[in-house]
Amino acid sequence: MIETQVTQRLVRLLNTVPGCRAKKRHGGRFQSGDPDIAGSYRGLAFFIEVKFPGGQLTLLQGHELARWAASGAVALLGVALPNANMLLVQAITQTNWEQLAASKLPKIVNQAGWHNKARLDNPVELLSLIEKLHRDAAE
């Protein structure tokens, strides 16, 4: 399974939940750095960049996620572990994106903040996590 397949699977599952709308954002020359998934759940905007272990968040991707977070959206870096049917999630903030962009994901996944996880086959679990991270950011 590749990142694109995981992303498409997440979008399909998220769209089965009432009150949620998610869309795969396609990269390209004019959309470089855009997060993989854009969505809204009960009026709460969220953006997710999906990576596999060994992948790396680029500076541009981190910058774009941080800008969305600064506007009040929930911006997430999700590390997909398809064999474990799990998505490890780290909220992107104005202060942590440069560190995340400069690190290889296997090194940072075991550090603080990566205790947030959701099963890849349970969109409600992911949306509940998005709501929790939004509340945490507001406090």
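## Cores and two buried polar residues

T7 sits in helix 1, which covers residues 3-14. Keep in mind as you look around that this is a predicted model. T7 has a relative accessibility of 1%, so it counts as buried. Leaving aside residues up to four places away in sequence, T7 touches K24, D36, I37 and V50.

One of those partners, I37, leads us to the largest nonpolar core. This core holds 26 residues, and those touching the most other members are L10, I37, F46, L126, L127 and I130. At least two core residues come from each of helix 1, strand 1 (20-24), strand 2 (37-41), strand 3 (44-51), strand 4 (74-81), strand 5 (86-91) and helix 5 (123-138). Helix 5 is the top contributor, supplying five residues.

F46 is a good place to zoom in. Beyond residues up to four places away in sequence, F46 is in contact with a list of residues that includes L14, C20, I37, V74, L127 and I130. R21, S40 and Y41 are also among the residues that F46 touches.

There is a second, separate core too: nine residues, among them A38, L65, A73 and A75.

Finally, have a look at E64, which belongs to helix 2 (residues 59-70). Is E64 buried or exposed? Its relative accessible area is 16%, and because buried means under 20%, E64 is buried. Apart from residues up to four places away in sequence, E64 touches G33 and D34.

Here are the two polar residues side by side:

| Residue | Relative accessible area | Contacts beyond four places in sequence |
|---|---|---|
| T7 | 1% | K24, D36, I37, V50 |
| E64 | 16% | G33, D34 |

Definitions and conventions: Residues are numbered from 1 along each chain as its sequence is written. This is a predicted model: local features need pLDDT of at least 70, side-chain atom pairs count only at pLDDT 80 or more; totals for chains, interfaces and linings use all residues. Side-chain values use heavy atoms; hydrogens and water are left out. Helices (H or I, at least four residues) and strands (E, at least two) are DSSP runs, numbered from the N terminus. Buried means under 20% relative accessible area, exposed over 50%, partly exposed in between (1.4 Å probe, protein chains only). Contact means heavy atoms within 4.5 Å. A nonpolar core is a set of buried Ala, Val, Leu, Ile, Met, Phe, Trp, Tyr and Cys residues joined through side-chain atoms within 4.5 Å.
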